[in-house]
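Please take a little time with the model shown below. The paragraphs that follow go through a strand, ring contacts, enclosed spaces and some backbone details in turn.

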Amino acid sequence: MRPVPLLLSLLLVLLAPTAAATRFEVRIDAPERTGPWDGRVILAISRTEDFVVDDVERSSQLLGVSVDGLADGEAVTVDAEALGYPLDSLADVPPGEYWVQAWLNVYTTFERADGHVVKLHMDQGEGQKWHRSPGNLHSAPQRVRIDPSEDSVVRLVLDQVIPPIEPPAETAWVKNFEIVSERVSEFWGRPMRIGARVLVPRGFELDADRRYPLVIQHGHFSTAPPGGFLEPGDVVDPDAPTDRERRGLELHEAWTGDDFPRFLLVTIQHPTPYYDDSYAVNSENHGPYGDAIVKELIPALEAEFRGIGEPWARILTGGSTGGWESIAQQVLYPDDFGGAWVFYPDQVDFHYYQLVDLYDGENAYWREHDWLRVPIPGARDVDGRVRYTMENENRWEEVVGTRYRSGGQWAAWNATYAPVGEDGYPAPLWDPLTGEIHRETADAAIARYDLNRHLQEHWEELGPKLAGKLNVFTGRRDNFYLEQAVYELEKFLTTGENLGYPARFEYGENGAHGWSPWRDPHDPHGFYGEMIDQVREAAPDGFEVP
């Protein structure tokens, strides 16, 4: 066959019909509020009526499109150009019958004190869970046919508004507390609240003069009672309680018994426009939450609930995110707390940012060799099987929200540790699609938030203040590889001259994320006794600790 001349080939391409494809048109018809609307339209495609929109491993097919100033009745198109996960594009969805549903994660405009104007989701009491945040919109699920080879339009209407969430009820044991933070409100340019749930000890109402130690249990946003405490009436089926209910009832039995130590157990609520909590430190992107918690919330809470109000009577604890927060507050505010019981903390040394080396690595998704490119895992089972990769998880977050507005884990870390970018949003630690690490941003994050490095650089001052206050517990098979950074911290704190400033490390040989060495059924959280023993040892002579 003779070759087709180049000019004729180009002409044939130009005259060829546009490829047919299914696309979605999503419009807003919300009677309770009028536009314009800013936010992220998230379309989910599922083979069943069940949509999974909050799990990287089991996720429904998601497609995301940002909207800016969308008018009521105006449609936004979701087509093959929209970013997708797990499949990259709508064009990759096999032909077939599917269930589809769309949401709009609504953004609020913030005029911040640093001069930047940004559009982010304002938490509505749900802990930055966009799919159940009051005021967000969604469509009704519907059954449709999708075929990338067919020129068809599927129309969805965002006409349902997620209703408000009722605040958790108070009981004789569990109280609510909230303040408007002056520091955080000034930063964000609007009133910003931080709060707590407080579990009061036995006899709290009977002795109005008694003051109590404070145990702060850091962690993700929750409206549940501190420590998982449950009263018998909270159990759905008393004859067959779940494991969670059983543990909650065990704590109730211990807490209300004669021999349990008396203290205030507190969980803090501090969601930000980026995540379900602030990581309890000052941050260029979140704002001054560390100071707000330490200098505003804690003193006000102790005044309201008769806390002792002295640093030696404040103990920190938590796991995972809460583990990082508890050690970070003890290290960064060494004069304000009397000890930290730290469980499976997020990365405390950025040589192991999970498995990414922020110091010398070039890519967060791949290990590159001359002839081989190996994906970096993001999570594993205890037996070592990989659940998903770094690229998987970061792409899922990018589909849900660009500029670190997904409310996901990597977005939260980026917002916490990175400087503010030129556009007012967090500067990227790495390219969210390719994984290429941005060296200047990574170096800035290391300098401020690598806790092991901070300890090493300030050890002459911090060593005496932290002696005997750091207790770290983690499994050796953490699902997110967090034990690797803990090993680096242990190397520094337990070698050479540092042996004079004791720190404690314990490991579970086959322990997954969530491992704890305490399993005493008569004291379901036996470390509480250790904490209060430390408070008693640190108390001034003659001070009676209950």
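Which residue is the bridge partner of Ala196 in β16? The partner is Ile268, and this pairing is a good place to enter the structure. The model is predicted, so local features are given only where pLDDT is at least 70 and side-chain atom pairs only at pLDDT 80 or more, whereas totals for chains, interfaces and linings use all residues. Residues are numbered from 1 along each chain as its sequence is written, and side-chain values use heavy atoms, with hydrogens and water left out.

Helices (H or I, at least four residues) and strands (E, at least two) are DSSP runs numbered from the N terminus, and two strands pair if DSSP finds at least two bridges between them. Strand β14 (residues 193–199) is joined to β16 by five bridges, and the two run antiparallel. Strand β15 (residues 214–218) is joined to β16 by three bridges, in this case parallel, and here Val215 has Leu265 as its bridge partner in β16. Strand β16 itself spans residues 264–269, and six of its six residues are buried, where buried means under 20% relative accessible area, exposed means over 50%, and partly exposed lies in between (1.4 Å probe, protein chains only). The cover extends to both faces of β16, with Leu264, Val266 and Ile268 buried on one side and Leu265, Thr267 and Gln269 buried on the other.

The next topic is the aromatic rings. Rings of Phe, Tyr and Trp (its six-membered ring) pair if their centres lie within 6.5 Å, and planes under 30 degrees apart count as stacked, over 60 as edge-to-face and the rest as tilted. By this rule the count comes to 38 aromatic pairs. One of them is formed by Phe177 and Phe305, an edge-to-face pair at 5.9 Å centre to centre with 75° between the planes. Because Phe177 lies in strand β13 (residues 174–180) and Phe305 in the loop between α4 (289–304) and β19 (314–320), the pair ties together parts that are 128 residues apart in sequence. Both rings belong to buried residues, Phe177 with a relative accessible area of 13% and Phe305 with 7%. Another edge-to-face pair is that of Phe350 and Tyr353, at 5.1 Å centre to centre and with 90° between the planes. Phe350 is buried at 0% relative accessibility, and Tyr353 is likewise buried at 1%. Phe350 and Tyr353 also belong to one aromatic cluster, whose members include Tyr275, Trp324, Trp410 and Tyr449.

Rings can also have a charge over them, which is counted if NZ of Lys or CZ of Arg is within 6 Å of the ring centre and within 35 degrees of the ring normal. Arg306 lies over the face of Phe204 in this way, at 4.2 Å from the ring centre, and Arg373 lies over the face of Trp366, at 4.1 Å from the ring centre.

What of the empty space? On a 1 Å grid over the protein atoms alone, a cavity is a set of points where a 1.4 Å probe fits but cannot get out, a pocket is an open set with protein on both sides within 12 Å along at least five of seven lines, and lining residues have an atom within 4 Å of a point. There are three cavities of 30 Å³ or more, and the largest cavity has a volume of about 70 Å³. Its lining includes Asn394, Tyr404, Arg405 and Trp410, and α6 (390–400) supplies the largest share, three residues. The second largest pocket holds about 710 Å³ of space. It is lined by 29 residues, of which Asp54, Tyr275, Glu393, Trp396 and Gln409 are the closest to its centre. In this pocket the largest share of the lining, three residues, comes from α7.

Some backbone details complete the tour. Most residues other than glycine have a negative phi, and most peptide bonds are trans. The peptide bond from Tyr85 to Pro86, however, is cis, with omega near 0°, and Pro86 sits in the loop between β5 (83–85) and β6 (96–106). Tyr404, although not a glycine, has a positive phi of about 65°; Tyr404 lies in the loop between α6 and α7 and is buried, with a relative accessible area of 12%. Tyr481 has a positive phi near 65°, is placed in the loop between β25 (470–475) and α11 (483–493), and is buried with a relative accessible area of 9%.

How values were computed. Points joined across faces, edges and corners; volume = space filled by probe spheres on them.
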